[in-house]
Amino acid sequence: MSQMLEPDLSVVELRSYFVRKRNALLVRGRFSPLYLDYYLHLMQHGIQHAESLDQMLKDTLAALALHLCSRPQDESCAWTIHVKEPQRANVFVTGSTRPGRVTGRVFTEDVRQEGEAMFIAQTTRPDHQPRQSMIEFHGDDMLKAVEAFYTTSEQRLTRFFRLEDEEFVQISAEPDCDEIWLSELALENVLELETTEHLTLLETRGYMFDCGCSVERLMPIIMRLPQDDLDHIFEDGIAQITCPRCGSVYRTPKASFEEWRQKQS
């Protein structure tokens, strides 16, 4: 299992299996512990989402973790999903396997009001060129959006299934996959896979809801601001900094910022 940075956070175990004779990769896991930490994060920072947007973010976090579990361990991903329904918003998630963590947030302010719904994926890996892809999709089902991303950008059939108790399953085509079988899978078939198919356990990985941000890591963002903007945000002597990845809110005195800036010079 991947090494974790925050032992006090809950770890979701994801297991990947090879579906023999079907040549497919199956990844599954129950996300209740991760969602608990997600809600504690929202409470801590006073963040509230509309119910529909909250569900969309949770689904995307689950899909990203399953995706990461199916990918090389040194790969990191970030997805920005611009949705039109139920309201214009950007759903952003990002994560990695080393360490195993995912995070994200919903943007409802300063969101472009025109254009189609878009799925933008960015993938980075050491010693590889960064990859970016962008596709259009329709609707507000985040699992369907990720399936469309796989079909168009990854060019392989992938299905996502929502089970009871916040468990999710991802099944992706491998070379020589029985794609007719995969395309025709229904939820009742997925529930019976352990008895109807030969599953070989490949790996177990762990993921948590954690950004890894801190006020020190956000200092460079303030550092890039013009002096007029710095004077404005420190007008009361204390600046409020919001993490662009998870929405965490930090407060730092101007004296602390000036001390940090002097150390960088």
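Trainee: Quick one on Cys69. Buried or exposed?
Mentor: Cys69 is buried, at 3% relative accessible area. Keep in mind that this is a predicted model.

Trainee: How many disulfides does the structure hold?
Mentor: Zero. Cys69 is in none, and its nearest cysteine sulfur belongs to Cys77, 12 Å away.

Trainee: And Cys213, which cysteine sulfur is closest to that one?
Mentor: The sulfur of Cys246, at 3.7 Å. That is too far for a bond, because a disulfide here needs the two sulfur atoms within 2.5 Å.

Trainee: Back to the inside. Which residues have the most contacts in the largest nonpolar core?
Mentor: Leu14, Phe31, Trp79, Phe119 and Phe137. That core has 44 residues. Helix α2, residues 51–69, gives the largest share of it, with 11 residues.

Trainee: What does Leu14 touch, leaving out residues up to four places away in sequence?
Mentor: Its contacts include Phe31, Ala65, Leu66 and Cys69. Leu14 also touches Val27, Arg28 and Gly29. Glu203, Thr204, Arg205 and Tyr207 are on the list too.

Trainee: What lies apart from the largest core?
Mentor: Another core, of 15 residues. Leu26, Phe161, Trp181 and Leu182 are among them.

Trainee: Now the surface. Which residues make the nonpolar patch of about 340 Å²?
Mentor: Leu36, Leu40 and Met43. Met43 sits in helix α1, residues 32–44. Met43 counts as exposed, at 67% relative accessibility.

Trainee: Switching to charges. How many salt bridges does a search of the whole structure find?
Mentor: It finds 19. One of the pairs is Glu75 with Arg71, at 2.8 Å from N to O.

Trainee: Are those two buried or exposed?
Mentor: Buried. Glu75 has a relative accessible area of 3%, and Arg71 is at 17%. Arg71 still counts as buried because the cut-off is under 20%.

Trainee: What about Arg101, which residue does its side chain meet in a salt bridge?
Mentor: Asp210, at 3.5 Å from N to O. Arg101 lies in strand β5, residues 101–107. Asp210 lies in the loop between β10 (199–209) and α7 (215–223). So the pair ties together parts that are 109 residues apart in sequence. Both Arg101 and Asp210 are buried.

Trainee: And Glu258 with Arg261, where are they?
Mentor: In helix α9, residues 254–264. They are three residues apart, so about one helical turn separates them. Their side chains meet in a salt bridge of 3.0 Å, N to O. Glu258 is partly exposed, with 24% relative accessible area. Arg261 is partly exposed as well, at 21%.

Trainee: Which residues are linked in a network of salt bridges?
Mentor: Arg28, Arg30, Glu167 and Glu194. You met Arg28 earlier, as a contact of Leu14.

Trainee: Last one. Where does Asp140 lie?
Mentor: In the loop between β7 (131–136) and α3 (142–154). Asp140 is partly exposed, at 39% relative accessibility.

Trainee: What does Asp140 touch, again skipping residues up to four places away?
Mentor: Met56, Glu85 and Pro86.

Trainee: How are the C-alpha atoms of Asp140 and Asp229 placed, what separates them?
Mentor: They are separated by 37 Å. Along the chain, Asp140 and Asp229 are 89 residues apart.

Conventions:
Residues numbered from 1 in each chain as written. Predicted model: local features only at pLDDT ≥ 70, side-chain atom pairs only at ≥ 80, totals over all residues. Heavy atoms only, no water. Core = buried A, V, L, I, M, F, W, Y, C linked by side-chain atoms within 4.5 Å. Buried < 20%, exposed > 50% of the residue type's maximum accessible area, 1.4 Å probe, protein only. Helix = DSSP H or I, 4+ residues; strand = E, 2+ residues; numbered from the N terminus. Contact = heavy atoms within 4.5 Å. Patch = residues over 30% accessible without salt bridge, like charges linked within 9 Å, V, L, I, M, F, W, Y side chains within 5 Å. Areas by Shrake-Rupley, 256 points an atom, 1.4 Å probe, with all protein chains shown as cover. Salt bridge = Lys/Arg side-chain N within 4 Å of Asp/Glu carboxyl O.
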